[in-house]
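Student: I am new to this structure and would be grateful for a close look at a single part of it. Please begin with one sheet, and then place it beside some other parts.

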Amino acid sequence: MNKLFEPIKIGNITLKNRIVMAPMGTTTDTTNAFNMRDVNYYGERAKGGCGLVMTGAVVASTEFEPAPCQKLTNTKDVYMLHLVAERVHFYGAKFGIQLSPGIGRMNWIDPHTPPYSASPVPNYYVPELICRELPTEGVKSLVKAMGESAKLAKNAGVDIIEIHAYGGYLIDQFTSAKWNHRTDEYGGSFENRQRFLREIVEEVRSACGPDYPIAIKMTLDSVDDDERPIEEGLAIAKYLADSGLVDMIHFGRGAYSCRWRMVSSVYQPEGFDLDAAPLVRAAIGDKIPLMAHGKLNHADVAEKAVSDGVIDLVAIGHGLIADPHWANKVKKGKLDDINPCIGCGECHFNAMKGHSRPCAVNVHGMREGEFRLEPAKSDLKILVIGAGPGGMKAAATAAERGYRVSLYEKNSYMGGIMAAAGAPRFKADVKAQVEYLKRQIVKFGVDLHLNTEITMDDVRRIDPDFVVVATGANPVVIPVPGADKPHVSTAVPVLLKQKAVGGKVVVIGAGEVGCELSTELRMQGKEVVMIELLDDILRTADHFVANDQNIRYLVENSGTDIRCSTKLTEILDDGVMVINKDGETEKISCDNVVFAAGFKADHTLYTDILNAGYECVQVGDNIKPGKIINAIHQGYHYIRVLEDE
């Protein structure tokens, strides 16, 4: 990993390596100000070895829209930003902010008032709400505000400004031929559409000095949407490089209509934007450094991209939320110690809901320093039943604290339903997290027993001081005639390849499991019909929009025959009987039927253990079928607060 850790110069600063914490909209509070959580959050990534730590978008003005994120509009906003910069600098990293004039037509804060944009175009979230055209004097006001905000940032100790001209937000709306229909100096020709961005760069340069580093984050293309053709994106990249005004280009792809190309999801391959990097390189030459993002938290992929000269810097986002010490671990060759991001998008999903933005696999993510583990106060015997994600996390945490821990699993493998979730070829990130948790079990010396189902008699024999019930949930099988036939199965054994299926398969249920299973079976060459009682697929899913769009894209393009508003009535030896969306009875021929109709928790063992007088808790799906984030956080925190009183 030599090239990743070579220094690189951007403007008048030198980074100690090529690893950048990507800008992400992850942290804020109700005041839209930086706070001590930000100090600890960004500081931890600097401590973890990043060469450059970037904040998410920071707006320079609230004149035309309420701040959707942190703001930097006056000297009162400088105090906490300086503390963040100071903490980052403690570890030899450089600190940058992503500066934005606003989000324009993408405004979601006020669904009733038309936002300002480059032109009168539909608001993204409420299309019937037509945006107001930002007046010419308003454009100039925002240009001035960007310069003033950049000066405040420089005075706060910020080393580099990245101008946020990405993602369909306000600058993008000006540079886009689709959204910019203006007739003043900021619209019309290609050069005029770039004028807003160019004047911002010039204003920031004037405010911060000729040598102060300025980067641009730009949208190369919108991929599956007509918002930005790649020819336009390449022309913008060339225009910026030729201007001599900017010191780095950071490109990304996608639009809100294909959010999964903007914000990575579990279903994408590592380095998914790198195939476009040679096009950008050809457009800009070697004038300035080029940075990309997109699941570059895979060390071999990141190293090759930099070594081959495809890009000069790697921007890692969610991977550094999952493990802030990724860079140091890669440098030291401790790859097995890296806590891998599972691409669930919970960090962004929770941000959009106004929550405290936790990470599914890193219980400390964005809450750094708040949930420290204390050494055990006594020699308690801890029994953990079930080696799914919650059980493994509880067992490893208990052993790390110094308790005597036994972990029992009825199956021959660890991971529970999560192991099946990571089985499809397009969900390698989840499989990697299962392997990481297994390594933690070994690392902390947990007494592991596989192929051992625990009964109430076993609990009495072991006589533990504290019990964690993490036995997961049971698959739901719809009670129709023929559901017990030998060619009928549930999804988990099929995903784990414990149960073979023939060439024609009917999948019952079109939630996440059904869609993923159907896609995987199609990739294996099977003919698949997916039956769903509701009027659309993924109706019961509770996940980030990028993940939703991505799995929809996969299953709808897989060739799966999707039958919504269809009711299963009977399973035959050679097919199934259904009532289709037209109310007609229909036979669908198949070799196998696989239920992916959800899961249901069984609380019997937990209730028996409680009634026997043992101190006991439930974690994960044993409480209620849900998400990995619930299981891992519950497993950690129940053990963390044990003996807290």
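Tutor: The part chosen is an open sheet of 3 strands in the order E23-E24-E25, with antiparallel pairing. Its edge strands are E23 (567–571) and E25 (585–589), each of which pairs on one side only. Neighbouring strands of this sheet are turned against each other by 30° on average, direction ignored; axes here are lines fitted to C-alpha atoms, for helices over the stretch in contact, and angles run from 0 to 180 degrees between N-to-C directions.

The model is predicted: local features need pLDDT of at least 70, side-chain atom pairs count only at pLDDT 80 or more, and totals for chains, interfaces and linings use all residues. Residues are numbered from 1 along each chain as its sequence is written, and side-chain values use heavy atoms, with hydrogens and water left out.

Strands (E, at least two residues) and helices (H or I, at least four) are DSSP runs numbered from the N terminus, and two strands pair if DSSP finds at least two bridges between them. E23 and E24 (residues 575–579) pair in the antiparallel sense over 4 bridges. Within that pairing, Lys 567 has Ile 579 in E24 as its bridge partner. In general, strands of a sheet pair through backbone hydrogen bonds, either parallel or antiparallel.

The parallel sense is found elsewhere, where E14 (residues 381–385) and E15 pair over 5 bridges. Ile 382 stands opposite Val 405 in E15. E15 (residues 404–408) is mostly covered, with 4 of its 5 residues buried, that is, under 20% relative accessible area, where exposed means over 50% and partly exposed lies in between (1.4 Å probe, protein chains only).

A pair of helices may be set beside these strands. The axes of H13 (residues 389–401) and H15 (residues 428–443) come within 9 Å and cross at roughly 30°. H13 is therefore roughly parallel to H15, a term for angles under 35 degrees, whereas over 145 is roughly antiparallel, 65 to 115 roughly perpendicular and the rest oblique. Among the residues that meet are Pro 389 and Met 392 in H13, and Val 434 and Leu 437 in H15; contact means heavy atoms within 4.5 Å.

Finally, Val 121 lies in the loop between E7 (116–117) and E8 (132–133). Val 121 counts as buried because its relative accessibility is 2%. Not counting residues up to four places away in sequence, Val 121 touches residues including Arg 105, Trp 179 and His 181. The C-alpha atoms of Val 121 and Arg 105 are separated by 7.5 Å, the two residues being 16 residues apart along the chain.
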